[in-house]
Structure formats: C-alpha cells, structure tokens
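Q: Could you take a close look at one part of this protein for me? I'd like to hear about the place where the two domains meet, plus whatever sheet is worth a look on the far side of the chain break-up.

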Amino acid sequence: MPKVKTFQHVFDKDTVYNLNKLESDGYIGSLIGPVGSGKESYVFLSTDYKGRKVAVKIHRHNIQSFNKIPVYLRLRGSKTGGFLKKIDDWSRFEYNFLEKAFNIGVNAPEPYRLFGNIIVMQFIGEDLVPARLAIKDTDFDVDSWYTKLVGFIVKMGKRGFIHGDLSPYNILNFNGEPYLIDFSQSLKLTSLTKEFLIRDIHNINNWFSRLGEKNIISEEKMVKSILVE
Ligand SMILES: Nc1ncnc2c1ncn2[C@@H]1O[C@H](COP(=O)(O)OP(=O)(O)OP(=O)(O)O)[C@@H](O)[C@H]1O
Ligand SMILES: [Mg+2]
C-alpha cells in the first residue's frame with residue numbers, strides 16, 4: 001500500500017502537510033486509489049486508527065479554472081482570502097453541509113474530520129470496493145428511491161438548506177439504498193438560492209420520469225411544502 005509520503009510528487013506541499021497531519025493524528029492511514037476523481041477533487045480509500053474504512057476527499061489546490069468558487073462563496077457570505085483559503089473555505093462549507101444532512105437523517109457518508117482542503121468521511125462501499133454511482137447502477141426500486149429522495153430534499157429544505165447538485169452522478173447505490181454525496185455546492189435556502197432548490201427538484205423529477213416513475217410530485221407542490229410552515 002502506498003504511504004502518504006509517496007504522494008509528495010503528486011500533491012502540492014500544503015496538501016502533503018495536511019495529509020501528514022491527518023495521518024499522524026490517526027484519521028487516515030495509507031491511501032488506496034483514487035476510488036473516485038472529479039474536476040475538483042480526488043477521493044481515496046483509507047483506514048483510520050479505529051480501523052474504520054474512510055473516504056478521503058482532497059480538493060485540489062492546483063486547479064486552474066475554479067470559476068464557480070467566487071460565486072458560491074459570495075452566496076455563502078465568505079469573500080476574503082487568497083486562492084488556498086478559498087479552497088479551504090470551500091471544503092469547510094462542504095463538510096458543514098454534509099454534517100447537517102447526516103445529522104438530520106439523510107443517507108450520506110458520516111463526516112469524521114476536516115483539515116484544510118481534505119474531508120475524511122465514512123467510506124460507502126463493501127470491502128475495498130466503493131458503491132457505484134446511481135447513473136451506472138440502476139438496480140434499485142424506482143418508487144422507493146423516488147419517495148426517499150423527495151423526502152431528503154424536503155427534509156433538507158425545511159432545515160433551510162439544499163444539496164445544490166443533486167443528480168445520479170452524486171448519488172451512490174449502496175446495497176439498493178440511495179446515499180447522497182458531494183455537498184460541495186450546497187447552499188442555505190434563501191430567496192436568492194431558491195432557483196438551486198428548483199434545479200435539484202427538476203433534476204430528480206426528470207431522472208425519475210425517464211425511469212418510469214408514475215407519481216411525480218410537481219416542482220410547485222414540493223417547493224410549497226418546503227416553504228410553507
Ligand atoms: N464517501 C464515499 N464513499 C465512497 N465513494 C465515494 C465517497 N465520496 C465520493 N466517492 C467517490 O468519489 C467520486 C467523486 O466524489 P465527489 O462527487 O464528492 O467529488 P467531485 O465529483 O470531484 O466533486 P465535484 O462534483 O465538485 O467535481 C464519486 O463519484 C464517488 O465515486
Ligand atoms: Mg460529484
């Protein structure tokens with residue numbers, strides 16, 4: 001298994017420092033993977049000092065075109081700081097929203113630790129194999145998933161926040177259950193961000209219409225049930 005040190009030539013020195021800190025504090029061990037990578041992050045599998053399997057999401061410090069960050073940080077009320085601070089703020093917002101969702105009973109990885117640009121959370125998968133994205137693994141009960149996902153949207157909305165990037169690319173199928181991941185675009189629900197709630201509902205409704213769901217709840221009805229009360 002490659003030790004964190006091996007990554008000195010892959011990651012910038014701040015990321016290596018953060019990885020070493022998490023390793024010496026026991027939150028992560030050797031990194032395996034990446035088990036996932038996106039435009040803005042790598043996700044590795046590791047094991048913590050308790051022997052729990054953990055997912056380690058590292059937001060890249062070296063990305064050139066992180067255009068949406070300033071817009072989101074402004075919507076979130078955080079404006080200051082250079083590029084590295086912005087990435088750290090970005091990671092902190094993601095971590096906080098993941099924690100909120102997990103704490104109210106939304107199926108999501110349990111958050112364990114945030115340090116700089118790195119999020120350590122529950123690994124959703126079996127043995128060393130991560131659960132597959134819902135876009136690739138459609139072996140699930142359509143009615144039950146629709147009910148659960150609408151339930152998650154409404155629950156988060158009533159608590160005043162939205163996932164912000166809900167799609168089958170950010171939902172894992174873990175033993176037939178939906179798990180929401182990637183809260184990097186989550187926002188507080190306000191009049192300024194209501195359009196992002198509507199976008200989430202729209203994405204889920206379109207996806208489930210294609211899957212043949214008969215009881216689609218209209219955007220208006222869902223928004224009303226969140227905003228009324
Ligand atoms: N907790 C987890 N357990 C297992 N696999 C995970 C976990 N979190 C993320 N992954 C895997 O890593 C991939 C990338 O994660 P995520 O969607 O959070 O980041 P991203 O796509 O880089 O973010 P962005 O959408 O901002 O580019 C996911 O598609 C998934 O396959
Ligand atoms: Mg993603």
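A: Here is a walk through the domain interface, followed by a small sheet. Keep in mind that this is a predicted model.

Let's start with the layout. The protein chain splits into domain 1, covering 4-123, and domain 2, covering 131-227. Their C-alpha centres sit 23 Å apart. Where they touch, 17 residues of domain 1 are in contact with 21 residues of domain 2. Put as area, about 1,800 Å² is buried between domain 1 and domain 2, and carbon and sulfur atoms give 66% of that. On the domain 1 side, look at Phe97, Ile104 and Asn107: this trio supplies 35% of the area that domain 1 buries against domain 2, more than any other three residues.

Now for the polar side of things. Between domain 1 and domain 2 there are 6 residue pairs in polar contact, counting pairs with both residues at pLDDT 80 or more. The salt bridge count between the two domains is 1. If you want a salt bridge to zoom in on, Asp182 and Lys57 meet through their side chains, at 3.2 Å from N to O.

Which elements does domain 1 bring to this contact? Those that give two or more residues to the side touching domain 2 are α2 (68-75) and α3 (83-103). Of these, α3 gives the most, with 6 residues. Sorted by class, the side of domain 1 that touches domain 2 has 10 nonpolar, 2 polar and 5 charged residues.

On to the sheet. Three strands make an open sheet in the order β8-β10-β11, with antiparallel pairing. β8 (132-133) and β11 (177-180) are the edge strands, each with a single partner, so one side of each is left without a neighbour in the sheet.

Strand by strand, β8 pairs with β10 (residues 171-174) in the antiparallel sense over 2 bridges. Leu133 has Leu172 of β10 as its bridge partner. Leu172 also stands opposite Tyr179 in β11, so to speak a handy residue to centre your view on when following the sheet across.

β10 and β11 are antiparallel as well, and 4 bridges join them. These two strands form a hairpin with 2 residues between them. In that turn, Asn175 has a positive phi of about 50°.

Conventions. Residues are numbered from 1 along each chain as its sequence is written. Chains are lettered from A and ligands numbered from 1 in the order in which they are written. This is a predicted model: local features need pLDDT of at least 70, side-chain atom pairs count only at pLDDT 80 or more; totals for chains, interfaces and linings use all residues. Side-chain values use heavy atoms; hydrogens and water are left out. Domain bounds come from an automatic or database domain assignment. Contact means heavy atoms within 4.5 Å. Buried area is the accessible area (1.4 Å probe) that two parts lose on being put together, summed over both. A salt bridge is a side-chain nitrogen of Lys or Arg within 4 Å of a carboxyl oxygen of Asp or Glu. A polar contact is a pair of N or O atoms within 3.5 Å; within protein, one must be able to donate a hydrogen and the other to accept it, and residues adjacent in sequence count only if both atoms are side-chain atoms. Ala, Val, Leu, Ile, Met, Phe, Trp, Tyr, Cys and Pro count as nonpolar, Asp, Glu, Lys and Arg as charged, and the others, Gly among them, as polar. Two strands pair if DSSP finds at least two bridges between them.
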